[in-house]
Amino acid sequence: MTHLRLKNVGFSYPIRISQGIKVNSDDDRIELGIHGRARRFQVLRDLTFNLEVGDRVAIIGRNGSGKSTLLRLLHGALTPETGTLQREGKTDALFELNLGIRPQASGYQNIFLGGLMRGYTKPEIETRLDDVIGFADIGDFIHLPMETYSAGMRMRLLFALATTFEPEILLLDEWVSAGDAQFRKRAQKRMNDHVEKAGILVLASHSATLLRDTCNRALWLERGRIVAFGDLEPVFTEFDAVIQKGTKPLPS
Amino acid sequence: MHMVMTKSHEKTAHADPWKDPKAEERRRILMQRPPSFVADIAYSFQLHAMWRALAWQDLIQRYRRSTLGIAWILFSYLLLIAVFVLVFGRSSAGRTPLEYSLYLAAGLLVWNYFAAIVTKGVAIFSGNAGWIRSTPAPFAVLAFRNVYANLLEAVVCVPVVIVFAAIVGVPISPNLLWIFLAIFLLLVNGISAGLLFGSIGAWSNDFAQLIPAIMRIAFFATPVFWDYETAAGSRLIMAIFNPMSHLIEIARAPILGGAPTPLNCIVALSFTIIMAVLALIAFKYARPRLAAWV
């Protein structure tokens with residue numbers, strides 16, 4: 001059964017000595033080495049939560065709270081430094097619009113490369129080619145190098161790719177910013193279909209409408225730690241009051 | 001084998017190759033960060049369709065905006081041979097200019113391949129940060145891709161060697177079979193070099209600066225344009241203690257109609273084993289950290 005289980009997961013990035021900058025900071029996430037130079041940045045600390053089939057989780061939090069790093073850990077591109085992460089299910093992701101494609105290759109070629117990257121063979125990819133191209137709906141641009149695409153077109157193709165290979169766990173980061181209303185509607189439908197087919201959806205975004213339309217649960221990150229995890233509405237209302245309106249202090 | 005299986009499934013009207021449980025299981029295994037460094041290398045090998053496609057793209061894109069295109073590989077190779085024949089042709093002992101051309105063509109072919117593997121190998125992880133952060137696919141795919149891309153470039157130059165060999169009149173003898181040993185050693189060392197230097201290159205940026213300088217020196221310390229047999233004094237010592245000269249000799253001797261010496265084989269094999277062990281140690285240590293380093 002598809003699931004994601006995290007227990008005490010922590011992750012830090014090294015900050016290279018050669019780039020080491022002296023810092024005067026009381027931020028406990030920055031680990032200082034010799035001469036007060038920044039050595040490591042502890043992005044995430046002590047995350048414990050479980051996601052099961054049917055969960056549509058919104059990851060919310062301010063910039064720099066660790067949302068993207070958490071998504072990369074869930075994807076498996078990053079490995080937890082401490083703690084354990086159990087992933088059961090085929091995982092696909094759409095993070096940045098520049099990653100995982102070859103800008104000089106055409107959209108058409110990138111569909112093949114994307115399929116091969118996901119372990120499919122060429123004949124298998126060919127059977128879904130029309131589906132990807134049809135959903136992306138970017139016309140003849142499909143045969144032009146992807147560096148000629150607008151952000152929106154890139155997003156369309158990458159979203160089509162990420163959802164076509166029948167993932168059981170789908171991870172999306174801020175993807176919505178580049179889509180027009182008509183595409184957003186189609187994308188929403190595709191995501192909902194996906195979750196109904198026994199899947200997990202994790203979506204990091206700042207858009208209240210999108211999160212309310214798509215998700216049923218919310219995970220609130222603050223400085224790499226979980227502030228709250230539960231049903232979307234209460235968590236999001238609290239987040240809205242504390243962070244976005246500033247009418248309440250941060251719960252400790 | 002796998003493709004054939006897929007096709008036979010397509011014939012039965014309802015069967016969807018995407019639902020084939022065997023294929024699905026394979027994808028599930030391949031699309032996670034492999035549990036160990038050995039599995040990483042094994043899975044990477046299985047993903048050959050991916051690294052072949054990527055290497056092919058590398059080759060096309062490198063020469064994409066040039067009019068001569070891939071012919072540039074051939075052109076710069078021939079130009080280098082011509083320059084060396086003009087400058088060093090006379091000092092080469094006992095070889096006619098034609099024989100010297102063949103000697104050079106064979107040596108340069110191997111040298112260019114190995115030098116490119118090493119200099120590009122340093123950046124296979126650090127230069128592919130986007131890829132590494134966007135997919136949990138195994139890392140060693142990038143080492144295979146590096147070897148295959150440079151192998152394709154070398155293949156473009158092979159006809160030159162064959163033409164020179166035909167003109168010189170190299171006899172067709174069982175000695176030519178040594179070439180297969182040479183190819184095998186060059187492929188294995190190519191993978192090792194990618195994993196070893198790529199891992200170190202991801203850890204330290206200084207290493208990436210150091211390698212081109214070292215390779216330039218190594219070129220002069222290796223009998224590629226000067227002759228192994230007539231070298232004396234310090235040159236001879238350099239040639240004997242330089243494992244590269246033995247690797248090159250295993251490929252070059254059969255092309256010139258001879259056979260590599262036992263010493264060549266022992267040194268080249270030992271070097272290959274040592275490289276492989278070092279590569280495995282470096283890759284085992286670097287692998288869990290690579291995504292955070294790059």
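Contact here means heavy atoms within 4.5 Å. The structure described is a predicted model, and the contacts of S192(B) offer a starting point. Leaving aside neighbours within four places in sequence, S192(B) is in contact with M275(B), A276(B) and A279(B). The residue belongs to helix α9 of chain B, which covers residues 178-203. With a relative accessibility of 5%, S192(B) counts as buried, because this value falls under the 20% cut-off.

The setting of this helix is a chain without strands: chain B has 13 helices and zero strands. Read from the N terminus on, its elements are therefore an unbroken run of α, written α-α-α-α-α-α-α-α-α-α-α-α-α. Taken along the principal axes, the C-alpha atoms of chain B fill a box of roughly 70 × 45 × 40 Å. Chain B comprises 294 residues, of which 50% count as buried. Among the contacts in chain B with a separation of 6 or more, 74% are accounted for by residues 24 or more positions apart. The accessible surface of the chain comes to about 14,100 Å², and carbon and sulfur atoms contribute 72% of this area. Chain B carries 23 positive and 13 negative charges, and the mean positions of the two sets are 5 Å apart.

Aromatic rings were examined next. A search of the whole structure finds 26 aromatic pairs over all chains. One of the pairs is formed by F220(B) and F225(B), whose ring centres are 5.8 Å apart and whose planes stand at 85 degrees, so the pair is edge-to-face. The cut-off for this class is an angle over 60 degrees. F225(B) counts as buried, at 8% relative accessibility. Both residues also belong to a cluster in which ring pairs link F84(B), W111(B), F219(B), F220(B) and F225(B).

Two arginines of chain A have contacts that include residues of chain B. The first to be considered, R102(A), lies in the loop between β6 (91-94) and α2 (107-117) of chain A. Its relative accessible area is 14%, so R102(A) is buried. Not counting residues up to four places away in sequence, R102(A) touches N110(A), L113(A) and M146(A) in chain A, together with L54(B), Q57(B), D58(B), Q61(B) and R145(B) in chain B. With D58(B) there is also a polar contact of 2.9 Å, which joins the side chains of the two residues.

The other arginine, R87(A), is placed in strand β5 of chain A, residues 82-88. R87(A) is likewise buried, with a relative accessible area of 16%. Residues up to four places away in sequence again being left out, R87(A) touches H3(A), L4(A), L73(A), L74(A), H75(A), G76(A) and I169(A), as well as Q32(B) of chain B. Two of these residues present backbone oxygens to the arginine side chain: the backbone oxygen of L74(A) lies 2.7 Å from a polar atom of the side chain of R87(A), and the backbone oxygen of L73(A) lies 3.5 Å from a polar atom of that side chain. R87(A) and R212(A) are 125 residues apart in sequence, and their C-alpha atoms are 26 Å apart in space.

Further positions in chain A concern backbone geometry and exposure. D46(A), found in strand β3 of chain A, has a positive phi of about 55 degrees although it is not a glycine. D137(A), also not a glycine, has a positive phi of about 55 degrees as well. D137(A) has its place in the loop between α3 (122-136) and α4 (151-164) of chain A. At 45% relative accessibility, D137(A) counts as partly exposed, since the value lies between the 20% and 50% cut-offs.

I34(A) is found in the loop between β2 (30-32) and β3 (38-52) of chain A. Its relative accessibility is 63%, and I34(A) therefore counts as exposed. Along the chain I34(A) and P14(A) are 20 residues apart, and their C-alpha atoms are separated by 14 Å.

Technical notes. Residues numbered from 1 in each chain as written. Chains lettered and ligands numbered in written order. Predicted model: local features only at pLDDT ≥ 70, side-chain atom pairs only at ≥ 80, totals over all residues. Heavy atoms only, no water. Helix = DSSP H or I, 4+ residues; strand = E, 2+ residues; numbered from the N terminus. Buried < 20%, exposed > 50% of the residue type's maximum accessible area, 1.4 Å probe, protein only. Polar contact = N/O pair within 3.5 Å; in protein donor to acceptor, adjacent residues only side chain to side chain. Areas by Shrake-Rupley, 256 points an atom, 1.4 Å probe, with all protein chains shown as cover. Lys, Arg positive; Asp, Glu negative; His and termini not counted. Charge placed at Lys NZ, Arg CZ, Asp CG, Glu CD. Phe/Tyr/Trp six-rings, centres within 6.5 Å; stacked < 30°, edge-to-face > 60°.
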